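Me: I would like to learn how to read a protein model, one feature at a time. Could we begin with strands?

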Amino acid sequence: MQVHIGGFDFRDFSLGFELIKGMLEKYPRLKEVRMDIHERLRDEDADSFGKCPNLEKIKIRGVSVSFVKRLLERLPNLRELTVIATGRFAAGDAGSFGQCPELKKVWIGRWQDISFIDKLLGSLPKLKELTIVATGKFAEGNADSFGQCPGLEKVWIDGERQNISFVKELLKMLPKLKELKINVGEQFTEDDAGSFGQCPGLERVRIDGPPAQRISFVKELLRQLPEIKDLRIRVDEELDESVGEVFRESSKLQHLVVTGCLMPGFLKSVLRPQAPPQVSPLKQLTVNETNDSQPPSAEDEEAVEAAKARGVMVRF
């Protein structure tokens, strides 16, 4: 059973919480709750969620760290948690997450300290997906904490730009990784792409910057990741016909978001169907143009129209 609690304007907070509490009491077998309220819940209000001991998924925002800790104590069967608390978690708070040993997906909004993230990973050995915002740079040794969750398949780290040395160690620790989003402050080299090959199942990669990445790295990255379906990246070279060929040769790439200086010939190249079988796996192409970009050629425009006729979504 699933109930979506949300979309209410709780101007009278007492009435608002009574409504939520009533639903929790009415549906003790509830498995999922989503709440987006604009008033702070008291810590003791978390006790009401204990009336639904089978809750597996909860999405909540606007609550205190102490509320979250008390909530976790009452939901031992929780599997997925999305939370935006009003403050930062301390390293010592990570143990509260360990009271939910079945947690597999954790999404924590707002900036969090590296020390908390380290302890969090150590508390959740079954974790498969982590989305978090880091306040500082991870050291190479911090990758060991991620290694405590060998089943991690999705890691999205927003916030500070991370060092490439950490990213390489992280990839070494997570051979089952399928999705990676990372903000880096350096350019990868062509040799660095080999580290991604340690995660052969990677299907979705988003590398944010600045800086932009060299096309030599991108080419080797795609070669190392034969299963990649979704790539978002900034390129430091002109997006011309030869660069288009680099992306087109990726046999399973379905979604591409690329930022760079668009030049005539790129769209025609990247959108041209592969031969054989004269089809392209690409389903969506987004080009974020920089200031020096040039207008597409007539051949580019023809290629765009032909791609759209095949059902490809093209934005530039």
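Reply: In β4, Lys-105 is the bridge partner of Glu-80. That pair belongs to a set of 4 bridges joining strand β3 (residues 80-85) to strand β4 (residues 105-112), and the two strands run parallel. Keep in mind that this is a predicted model.

Me: Which strand does β4 pair with over 6 bridges?

Reply: That strand is β5 (residues 129-134), and the pairing is in the parallel sense. As a point of reference, Trp-107 stands opposite Thr-131 in β5.

Me: What links β4 and β5 into a β-α-β unit, and what is its hand?

Reply: To read the hand, point the strands away from you and follow the path from the first strand over the helix to the second; clockwise counts as right-handed. Here helix α4 (residues 114-123) completes the unit with β4 and β5, and the unit is right-handed.

Me: Where should I look for parallel pairing further along the chain?

Reply: Look at strand β10 (residues 255-262) and strand β11 (residues 284-289), which pair in the parallel sense over 6 bridges. Val-258 has Val-287 in β11 as its bridge partner. β11 is also joined to strand β12 (residues 313-315) by 3 bridges, again in parallel. In that pairing Gln-284 stands opposite Met-313 of β12. Between β11 and β12 the chain crosses through helix α11 (residues 298-309), and this β-α-β crossover is right-handed.

Me: Now pockets. How much space lies in the largest pocket, and which residues lie nearest its centre?

Reply: A pocket is an open set of points, unlike a cavity, where the probe cannot get out. The largest pocket holds about 230 Å³ of space. Its lining has 17 residues, and Glu-80, Leu-81, Thr-82, Lys-105 and Trp-107 lie nearest the centre. The elements that give two or more residues to this lining are β1 (32-36), β2 (57-63), β3, β4, β5 and β6 (154-162). Glu-80 and Lys-105, the bridge partners from the start, are thus met again in the pocket lining.

Me: How many residues of each class are in that lining?

Reply: The lining of the largest pocket has 7 nonpolar, 2 polar and 8 charged residues.

Me: What lines the second largest pocket?

Reply: The second largest pocket has about 150 Å³ of space. Its lining includes Trp-156, Arg-204, Asp-230, His-255 and Gln-284. β8 (204-208), β9 (230-239) and β10 are the elements that give two or more residues to this lining. By class, there are 4 nonpolar, 2 polar and 4 charged residues. Gln-284 has come up before, standing opposite Met-313 in β12.

Me: How many cavities of 30 Å³ or more does a search of the whole structure find?

Reply: The search finds 1. The largest cavity has about 60 Å³ of space. Among the residues lining this cavity are Phe-247, Leu-253, Leu-256, Val-270 and Pro-281. Its lining counts 6 nonpolar, 3 polar and 1 charged residues.

Me: Which residues of helix α6 (residues 164-173) are buried?

Reply: Buried means under 20% relative accessible area. In helix α6, the buried residues are Ile-164, Phe-166, Val-167, Glu-169, Leu-170 and Leu-171. Their cover includes α5 (143-146), β6, β7 (179-184) and α7 (193-196).

Me: Is Ser-145 buried or exposed?

Reply: Ser-145, in helix α5, counts as buried because its relative accessible area is 8%. Leaving aside neighbours within four places in sequence, Ser-145 is in contact with Asp-118 and Leu-121.

Me: What should I know about backbone angles?

Reply: Most residues other than glycine have a negative phi, and most peptide bonds are trans. Arg-110 has a positive phi, near 70°. Arg-110 is placed in strand β4 and counts as partly exposed because its relative accessibility is 48%.

Me: Where are cis peptide bonds found here?

Reply: One runs from Gly-209 to Pro-210, with omega near 15°. Another joins Pro-210 and Pro-211, with omega about 10°. Pro-210 lies in the loop between β8 and α8 (215-224), and Pro-211 is placed in the loop between β8 and α8 as well.

Note on methods. Residues are numbered from 1 along each chain as its sequence is written. This is a predicted model: local features need pLDDT of at least 70, side-chain atom pairs count only at pLDDT 80 or more; totals for chains, interfaces and linings use all residues. Side-chain values use heavy atoms; hydrogens and water are left out. Two strands pair if DSSP finds at least two bridges between them. On a 1 Å grid over the protein atoms alone, a cavity is a set of points where a 1.4 Å probe fits but cannot get out, and a pocket is an open set with protein on both sides within 12 Å along at least five of seven lines; lining residues have an atom within 4 Å of a point. Grid points are joined across faces, edges and corners, and a volume is the space filled by probe spheres set on the points. Ala, Val, Leu, Ile, Met, Phe, Trp, Tyr, Cys and Pro count as nonpolar, Asp, Glu, Lys and Arg as charged, and the others, Gly among them, as polar. Buried means under 20% relative accessible area, exposed over 50%, partly exposed in between (1.4 Å probe, protein chains only). Contact means heavy atoms within 4.5 Å.
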